[in-house]
Amino acid sequence: MTIGKVKLHWVQVLWAIAGLLMLCGGILTALDGHEDLTDIAIPLGLAMVLAGNINMFIFHRKHDVIHGSILLLADGMITAFLSFFLLFNTMIEAKTIPFFFGIWELVCGVLKMIESWELRSHRYYGWHRFGIVGAIEIFSGVASLLKPVDDYLGMHFVVAMILFVQSLGYLFKILIYPKLISDKTR
């Protein structure tokens, strides 16, 4: 796919879709006028399951050429499996949703930090971007687990912030994708 003078690989297009899903989920959460988040749990769960499946699909098709692809698989599996909490848990309570997203954000942040260290050890361009996003994810994940933060900012803003950071992670994946291709395939 070509946009202007920029040629995008199908992997980048899929990551753009996943990033847009996270961005739309964040916007939906920020604009939701309901008292709690249970009314939008299904759309948020759908966005998560689709983004997770995109990562697992990319791993399946490109695991032999993408550097650090096992972390991509882990991220996809965690995201897809945790979406079931939102999709199929009919007894979900509103106050558990920010906690759930905080745990998800914390785990994704740790995975991105590991990916950043691995990219750095192999001297890949852009490794610091994953480190920055990972640190932000860890910080926002921990912050969302703290009751005073949730009380001060509100559960909608906490979840929206997490989804916006997730979309930023996909943007960095799109930008760095050409550098993630293993040297053995060039």
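Which side chains meet in a salt bridge with an N to O distance of 3.2 Å? In this predicted model, they are the side chains of E137 and K112, where a salt bridge is a side-chain nitrogen of Lys or Arg within 4 Å of a carboxyl oxygen of Asp or Glu. Local features were considered at pLDDT of at least 70 and side-chain atom pairs only at pLDDT 80 or more, while totals for chains, interfaces and linings use all residues of the predicted model. Residues are numbered from 1 along each chain as its sequence is written, and side-chain values use heavy atoms, with hydrogens and water left out.

E137 lies in helix α5 and K112 in helix α4, 25 residues apart, and the pair thereby links distant parts of the chain; helices are DSSP runs of H or I with at least four residues, numbered from the N terminus. Both E137 and K112 are buried, the terms for accessibility being buried for under 20% relative accessible area, exposed for over 50% and partly exposed in between, with a 1.4 Å probe and protein chains only. A search of the whole structure finds 2 salt bridges, and K112 also forms one with D75, the closest N and O atoms being 3.7 Å apart. This pair, too, links distant parts of the chain, since D75 belongs to helix α3 (residues 69–88) and K112 to helix α4, 37 residues apart. D75 is buried, as is K112, and the shared partners join D75, K112 and E137 into one network.

Two packed helices are described by the angle between their axes and the distance between the axes. Helix α4 (residues 96–121) and helix α5 (residues 127–145) pack at about 155°, with axes 7 Å apart; the axes are lines fitted to C-alpha atoms over the stretch in contact, and angles run from 0 to 180 degrees between N-to-C directions. The two helices α4 and α5 are therefore roughly antiparallel, a term that applies to angles over 145 degrees. In the contact of α4 with α5, the residues divide into 15 nonpolar, 8 polar and 5 charged.

The structure holds 0 disulfides, a disulfide being a pair of cysteine sulfur atoms within 2.5 Å. For C24, the closest cysteine sulfur is that of C108, and the separation of 18 Å is too far for a bond. C24 counts as partly exposed, at 48% relative accessibility, whereas C108 is buried, with a relative accessible area of 0%.

How values were computed:
Parallel < 35°, antiparallel > 145°, perpendicular 65-115°, else oblique. Nonpolar A, V, L, I, M, F, W, Y, C, P; charged D, E, K, R; others polar.
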